[in-house]
Amino acid sequence: MKPLQSEHTGINASKGIAIGKAYFLDRDQVVPVKLPIDKGDIDPEILRLKDAIRKSVEAIKDVCSRAAGVLGQTQLYLFDTHILLLEDEMLVGDAIRIIREEKVKAEWAYHLSAEKCIGLFTDTGNEYIQERKNDIEQVKNRVLLNLQDREQENLENIQEPVIIIAHDLQPSDLIQMDKSKILGFIIEEGGRTSHVGIMAAALEIPAVVGLSIQEIGAVNGDAIILDGFSGKVYMNPPSETFKKFLEKKQRVSYYEKKLLENRELPAETKDGYCVKLSANIESSDNPEILRQYGAEGVGLFRTEYLFMNPEGLPQEEEQFHEYRKVTEALQPDPVIIRTLDIGGDKPSSKIDIEPEKNPVLGLRAIRFSFRNPDIFKVQLRAILRASHYGDIKIMFPMISGVDELRRAKNILKETQEELEERGIPFNRNIPIGIMIETPSSASIADLLAKEVDFFSIGTNDLIQYALAVDRGNKDVAYLYKPLHPAVLRMIRNTVREANQADVKVGICGEMGGNSINTMLLLGLGKIDEISMDAHSIPKVKKFIRSITQKEADEFAQKVLDLGSTSEIERFVYNAMAEKFPEDFVEERIFEGIN
Ligand code: PEP
Ligand code: MG
């Protein structure tokens, strides 16, 4: 019988082309039944539940520690979400109450409690809410399996390279798998920012999500083409389609290889202006790999990751070793270590922060460090001590005014004096910088510039705060616009003031790693450094090497003369696509730009 041919469109969640055989990941949901227990069995039943939860937490922590080298901070938070749910007092407390009051087995009690929790999220069709419901569903299934001493089918068992088709995947699945055996993912649940989408992108595995498995109708072994750029999936396609996608795949991989040829060359414009391109990192694992992409040091070391260690808060020694390891590996290039930026959209199961009404405007980043001087000082000591072994710069996050900056500097000074008294070596002239990521700091850049050695513009937060758009809220994501004129003016103002004061200025938000913005950013003033995900460096470098500073200045001036974000976006995309016709074909498809 001829295999069924079909074509489907889902959500393009992770770029790339995959061609291979289908493999269904069979994930039976555990269906609990209501079974009564005797009064005398209540306490043992509660213990059984607690034990299953403990085992679930341990399993996630185990995966999490193995994941630390593979995933970045954003992805590691996904594990934290599951741990927080497993330890959630309401969820567990309610299940225990049901066991006691209704005298039923733990499976049924936990199922009821989880369903109640899911019911609290009203179905609004909102992607974020849907993701949280999926989280509870996944956590519930894990606990129920543990209660029954059953194991899930594991991605570890896959023997040959395949395209996974599944209803949903847990963050832990993606870590347990052997990356060389997974060509792509087709997942029924989720949107672009779902766990699978984020993790697949981090692991550079093409993925399409939001596609009904039933509709695809594929069976194990069916031939599949998955286009992560457009979100299209072709099942048992005709040979012309294969040919077309094989060519496209080759084109993409040839293009990526070609970009790497620039690795050793400087990011220098045709008229001789050099920009340092460095990497954003979240862990101390494999710093050597950054050089393979041409990174000239680290422009942002997000230290929050260390504070997610399942063993508890990191002690001074542990931090010192992590910072020293990265610094020594990258010698003589510099490493900018940012002090803890916890809170807001970066929760941690290791640190208790009282629930806040507006966490993003609350006790996060430097504010958290001021509230917890012990944690802050331990970190400062570790950074200072590591500064003896290489070129370290220290950076404070979320500075909103001069007083706040002075307070941070005073604590740093106190810490330096303490180390001095104890005869511990450190770099007395360690450069001090701040993130410019609030509208207030961008507008008083001239005042702040008098007190620091460098600025690093955090566009991720700057956009969020300037445009009053929660960076994690899908409902308002359409307003999160890096090319909004207000954002561009704030960047220009910051760069100008830094240039005037002879203070170094870099960009470390996502905007700097998106090559569509490269020419524009270079025209907003004299930018010394752009720090980004290391994979993005080769392309940004290619563009810098293809333009002149003069051309970038004129381009930025034209952009700033435009009145609206949509005009700017169109202008920038068209100009870049015209100038670099080969470089934006797939990007435009991925971003849905015509
Ligand atoms: C930023 O806000 O742009 C930034 C780089 O910091 P983070 O994404 O860690 O908040
Ligand atoms: Mg930030």
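These questions and answers go through a predicted model of a protein chain with a magnesium ion.

Colleague: Which residues are the protein donors of the magnesium ion (ligand 2)?
Modeller: Donors count within 2.8 Å of the metal. Two side chains qualify, at 2.0 to 2.1 Å from the ion. The donors are E437 (OE) and D461 (OD).

Colleague: How many residues apart is this pair, E437 and D461?
Modeller: E437 sits in the loop between β13 (432–436) and α15 (439–443). D461 belongs to helix α17 (residues 459–467). The pair thus links distant parts of the chain, with a spacing of 24 residues.

Colleague: Is E437 buried or exposed, and what about D461?
Modeller: Buried means under 20% relative accessible area. E437 meets that, and D461 does too. Both are buried.

Colleague: Which are the edge strands of the open sheet with 8 strands?
Modeller: The order is β1-β8-β7-β3-β4-β5-β6-β2, with mixed pairing. An edge strand pairs on one side only. That leaves β1 (6–9) and β2 (11–14).

Colleague: Do β4 and β5 run parallel or antiparallel?
Modeller: Strand β4 covers residues 162–166, and β5 covers residues 182–187. They are joined by 5 bridges. V162 stands opposite I182 in β5. The two strands run parallel.

Colleague: What lies across β3, β7 and β8?
Modeller: A helix of residues 239–260 does. This helix runs at about 120 degrees to β3 (17–24). The name is α9.

Colleague: What percentage of the 594 residues count as buried?
Modeller: The chain holds 24 helices and 16 strands. Its accessible surface comes to about 26,200 Å². Of its residues, the buried share is 55%.

Technical notes. Residues numbered from 1 in each chain as written. Chains lettered and ligands numbered in written order. Predicted model: local features only at pLDDT ≥ 70, side-chain atom pairs only at ≥ 80, totals over all residues. Heavy atoms only, no water. Donors = N, O, S within 2.8 Å, 3.2 Å for Na, K, Ca; no water. Helix = DSSP H or I, 4+ residues; strand = E, 2+ residues; numbered from the N terminus. Buried < 20%, exposed > 50% of the residue type's maximum accessible area, 1.4 Å probe, protein only. Pairing = 2+ DSSP bridges. Contact = heavy atoms within 4.5 Å. Axes fitted to C-alpha atoms, helices over the stretch in contact; angles between N-to-C directions. Areas by Shrake-Rupley, 256 points an atom, 1.4 Å probe, with all protein chains shown as cover.
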